[in-house]
Amino acid sequence: MNLDEVQEWEKKFYGKRGWEDLPPYIRIGFLLEEVGEVSRAVRTYEIGRDHHPEEGRLTKEEIRENLAEEMGDVLSNLAILANLYHLKLEDLVNAHRDKLYKRFNCTEEEVLK
């Protein structure tokens, strides 16, 4: 799936459930929650969490799969938030790249060679 397809899928999936009607400040709360879950998953993967014995029984691959799920949740919430403001994920990525090229005085060609 490309970014446009991801964004359209999110719009349809959440739209059918009425979840896209939540205001942006609520969606930001969900996004922050998911970022926290990514943080927890990274910590579990890298150093473990000895106060959660159930996580100690997971394999590295199971922990990695959980990390992928949580990162997907972050991407999903970003897509929904972008939809609320009629922004395209692809445009966001391009704007980010352009900002970095200007900030670090480099070109795409320099980065990709």
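Where in the model is the place of isoleucine 26? Isoleucine 26 sits in helix α2, which covers residues 24-46. The model is predicted. The legends below begin with this residue and its surroundings.

**View 1. A nonpolar patch on the surface includes isoleucine 26.** The patch is built from Trp19, Leu22, Tyr25, Ile26 and Phe30. Together these residues have about 490 Å² of accessible area. Isoleucine 26 has 32% relative accessibility and counts as partly exposed. Tryptophan 19 is partly exposed too, at 39% relative accessibility. Tryptophan 19 returns in the ring cluster of View 3.

**View 2. Arginine 27 is buried and has no salt bridge.** Arginine 27 lies in helix α2. Which side chain of opposite charge is nearest to arginine 27? It is glutamate 34, 7.7 Å away. A salt bridge needs nitrogen and carboxyl oxygen within 4 Å. What does arginine 27 touch, leaving aside neighbours within four places in sequence? Its contacts are Tyr14, Trp19, Leu22, Asn77, Ile80, Leu81 and Leu84. Among them, Trp19 and Leu22 also belong to the nonpolar surface patch.

**View 3. Ring pairs join Trp9, Phe13, Tyr14 and Trp19 into a cluster.** The structure holds 4 aromatic pairs. In one of them, the ring centres of tryptophan 9 and phenylalanine 13 are 4.8 Å apart and the planes meet at 15°, so the pair is stacked. Both residues lie in helix α1, residues 3-16. They are 4 residues apart, about one turn of the helix. Tryptophan 9 is partly exposed, with a relative accessible area of 42%. Phenylalanine 13 is partly exposed as well, at 29%. Phenylalanine 13 also pairs with tryptophan 19. That pair is edge-to-face, with 6.2 Å centre to centre and 70° between the planes.

**View 4. Lysine 88 and aspartate 4 meet in a salt bridge.** How many salt bridges does a search of the whole structure find? It finds 3. In this one, the N to O distance is 3.4 Å. The pair links distant parts of the chain, 84 residues apart. Lysine 88 is in the loop between α4 and α5 (89-103), and aspartate 4 is in helix α1. Lysine 88 is partly exposed, at 39% relative accessibility. Aspartate 4 is also partly exposed, at 29%. Helix α1 holds tryptophan 9 and phenylalanine 13 of View 3 as well.

**View 5. Glutamate 61 and arginine 64 form a salt bridge in helix α4.** The side chains meet at 3.7 Å, N to O. The two residues are 3 places apart, about one turn of the helix. Are glutamate 61 and arginine 64 buried, partly exposed or exposed? Glutamate 61 counts as partly exposed, at 41% relative accessibility. Arginine 64 is partly exposed at 48%.

**View 6. Glutamate 108 and arginine 97 meet in a salt bridge.** The N to O distance is 3.7 Å. Glutamate 108 lies in helix α6 (residues 108-112) and arginine 97 in helix α5, so the pair ties together parts 11 residues apart in sequence. Glutamate 108 is partly exposed, with a relative accessible area of 31%. Arginine 97 is partly exposed at 34% relative accessibility.

**View 7. Arginine 57 lies in the loop between α3 and α4.** Helix α3 spans 53-56, and helix α4 spans 60-84. Is arginine 57 buried or exposed? Arginine 57 counts as exposed, because its relative accessibility is 64% and the cut-off for exposed is over 50%. Arginine 57 and phenylalanine 13 are 44 residues apart in sequence. In space they are 33 Å apart, C-alpha to C-alpha.

**View 8. Glycine 29 has its place in helix α2.** Glycine 29 is partly exposed, at 34% relative accessibility. Isoleucine 63 is 34 residues from glycine 29 along the chain. Their C-alpha atoms are separated by 24 Å. Isoleucine 26 and arginine 27, from Views 1 and 2, also lie in helix α2.

Technical notes:
Residues are numbered from 1 along each chain as its sequence is written. This is a predicted model: local features need pLDDT of at least 70, side-chain atom pairs count only at pLDDT 80 or more; totals for chains, interfaces and linings use all residues. Side-chain values use heavy atoms; hydrogens and water are left out. Patches are made of residues with over 30% relative accessible area and no salt bridge: like charges are joined within 9 Å, nonpolar side chains (Val, Leu, Ile, Met, Phe, Trp, Tyr) within 5 Å. Accessible areas come from the Shrake-Rupley method with a 1.4 Å probe; for residues, only the protein chains shown count as cover. Buried means under 20% relative accessible area, exposed over 50%, partly exposed in between (1.4 Å probe, protein chains only). Lys and Arg count as positive and Asp and Glu as negative; His and the chain ends are not counted. Contact means heavy atoms within 4.5 Å. Rings of Phe, Tyr and Trp (its six-membered ring) pair if their centres lie within 6.5 Å; planes under 30 degrees apart count as stacked, over 60 as edge-to-face and the rest as tilted.
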